[in-house]
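Student: I would like to go through this model and ask how each label is earned.
Tutor: Go ahead, and we will set each value against its definition.

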Amino acid sequence: MDFVTLILNLDRKIIFACVAVLVAWPLIWPLSMPVGTTPEVRSIFSAVDALPNGSDIMIAADYDPSSKPELQPFLYSMLAHCFEKDHKVHILTLWPGGPALVQQAVEEVSKQYGKTNGTDWCFLGYKPGNAAVVGGLTNSITGTYPTDFYNRPTANMPIYQRVQSVKDCDYIVDIAAGATVEVWIAFASAPENVPMSAACTAVSAAGYYPYYQAGQLDGISGGMKGSAEYDVLLMDKYPNVQGGAPRVAGNAVKGMDAQSAVHLFIVLSIILANICYFIANKRQREERRTA
Amino acid sequence: MIFLKRQLPIIIAFVAGIMMWIRYYIPSEVSTNLVDGYLEWVRIIVGFAAILGILSLLQHHMLKIRMKRPGFAFSYVTIAAFIMMTAAGFLPFAFPGFAEKNMETGSLFNWLYEYTFIPMQATMFSVLAFFIASAAFRAFRARSMEATLLLVAAIIMMVGRVPIGDLISNATPAFMIGQNEYHLIDFEEWTGWLLNVPNAAAKRGILLGVYLSQIAISIRIIFGIERTYMGGGD
């Protein structure tokens, strides 16, 4: 069997093994490749950073564990950024598998920054009904969520003494694995005129560019790369984020080495397979001509 | 009976649809309160839909076990996992070995979520990377002009959206056009163009089509012309 036939009939288990090695290797021995930033992510960072200290940020963490590697680092970084700026964080999830991920992140980051639940942040929990929930939040946050995730009445919380609804918030960030970004734009951000950004999975990021160009989204962070970019921007401006709290930021940056290696492998294997395909086709044509 | 099956759903759809419009065009206190109540109803109905989903799931798996259909053993696992997670989340006491009850940090529910649910879902999703790599290797061929364009765009995106793309770009010769510096291969520039020009143009066209269709369908439902949502196929 010659090389071309070998490549075209390559056992897929070999490809699986290569992918496994290329994912594991950089995670064990990091290559520390520098992560560049894109205008889309820089816009999110600048928008949150430009808000006056103590602004109110509504964060929707609409994802579950299947998207954890891509989006959880962004949530950590966003929370760290908000607490670094003393912003008040109102966080919720529209996905049933999301609450425990949010709970982990918000409890960990708030503890590291010494922020108080109910005063500096509030985790509202999960409620089904996407558009109905977001629509409800535009009328009343405490009406839509009479109790928070920990079953405490929200109406008495200091954080809700000056914020009644989404329109009192200064910024919205939707960290989404599905189609909730459109819901937040249509039912909260656009009608109430609250600026918004989105962090989504790499596969869905391309779909939000029309909203970005129209100015309905300040920025888009796509997948683990977007999260890594936010990490880099955050660590550049606030170096203590990395030193004081190792889990808060930097997780996505570590994952980028593995992603680079696998992407390069896939690209090279596609090119190789195509070269072999054309050689095999040429051979077939020559054989037919001589026969 | 026909009134309950035909006219009543149409009346409900009409009133509910009109009510959502009213809020935007007549933003009075009355309309806002009406919509508030309506949204509350929607949230309650969606909550019941979740219960319906749970019942449907249990019914499906119990039937599978009773009929001993292929793979029925997995149905035992599903039902056992469902009972365990429900008990861990609802029962008002801390299970032996766990400091907290219900869904608090340190509870059995939280432990099950963190050490079974998260790894299992992450595993299911990560398996995709292996299959995508294998499928791309086997099926991504420049067989036609369209396929070649797709292939080239995919390669630029895959390399351009990871740090190695920046390293490759920076290693190529640079030249100046006016005040701007360009590289011979500039993945960041190329991926930006792909996302902002052809991708956004195509996506915007699709979105306009989708939303215009949604408006048309909504109007048809509100005025009772579209009735397929009631079943019966008419």
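Student: Why is Arg12(A) called partly exposed?
Tutor: A residue is buried if 20 or more other C-beta atoms, placed from the backbone, lie within 10 Å of its own, exposed if 12 or fewer, and partly exposed in between. Arg12(A) has 14 C-beta neighbours inside 10 Å, so the label is partly exposed. Arg12(A) belongs to helix α2 (residues 12–28) of chain A.

Student: What are the ground rules for the model and its numbering?
Tutor: The model is predicted: local features need pLDDT of at least 70, side-chain atom pairs count only at pLDDT 80 or more, and totals for chains, interfaces and linings use all residues. Residues are numbered from 1 along each chain as its sequence is written, while chains are lettered from A and ligands numbered from 1 in the order in which they are written.

Student: How much of chain A is buried?
Tutor: Of the 291 residues in chain A, 50% are buried.

Student: What makes up the secondary structure of chain A?
Tutor: Chain A has 13 helices and six strands. Helices (H or I, at least four residues) and strands (E, at least two) are DSSP runs, numbered from the N terminus.

Student: How are the strands of the open sheet in chain A ordered?
Tutor: The order of the six strands is β3-β2-β1-β4-β5-β6 (chain A), with parallel pairing. Why are β3 and β6 of chain A at the edges? β3 (121–126) and β6 (220–222) each have a single partner strand, so one side of each lacks a neighbour in the sheet.

Student: What makes β5 and β6 of chain A a pair?
Tutor: Two strands pair if DSSP finds at least two bridges between them. Three bridges join β5(A) (residues 196–200) to β6(A), so the definition is met. Cys200(A) stands opposite Gly222(A) in β6(A).

Student: Which strands does helix α4 of chain A touch?
Tutor: Helix α4(A) (residues 68–84) packs on the sheet and touches β1 (56–62), β2 (88–93), β4 (171–176), β5 and β6 of chain A. Contact requires C-beta atoms, placed from the backbone, within 7 Å. The direction of α4(A) makes about 160° with that of β4(A); axes are lines fitted to C-alpha atoms, for helices over the stretch in contact, and angles run from 0 to 180 degrees between N-to-C directions.

Student: How do you know that the length of helix α7 of chain B agrees with its residue count?
Tutor: The expected span is 1.5 Å times one less than the number of residues. For the 36 residues of α7(B) (residues 187–222) that gives 52 Å, and the end C-alpha atoms are 49 Å apart, which agrees.

Student: Where does α7(B) bend?
Tutor: The bend is about 40° at Ala200(B), taken as the angle between axes fitted to the seven residues ending there and the seven starting there. Ala200(B) is also one of the buried residues of α7(B), along with Phe187(B), Thr191(B) and Leu195(B). These buried residues pack against α10 (209–213) of chain A together with α5 (145–160) and α6 (163–171) of chain B.

Student: How many residues of chain B are in contact with chain A?
Tutor: 44 residues of chain B are in contact with 43 residues of chain A. α4(B) gives the most to that side of chain B, with 15 residues.

Key
Two residues are in contact if their C-beta atoms, placed from the backbone, lie within 7 Å.
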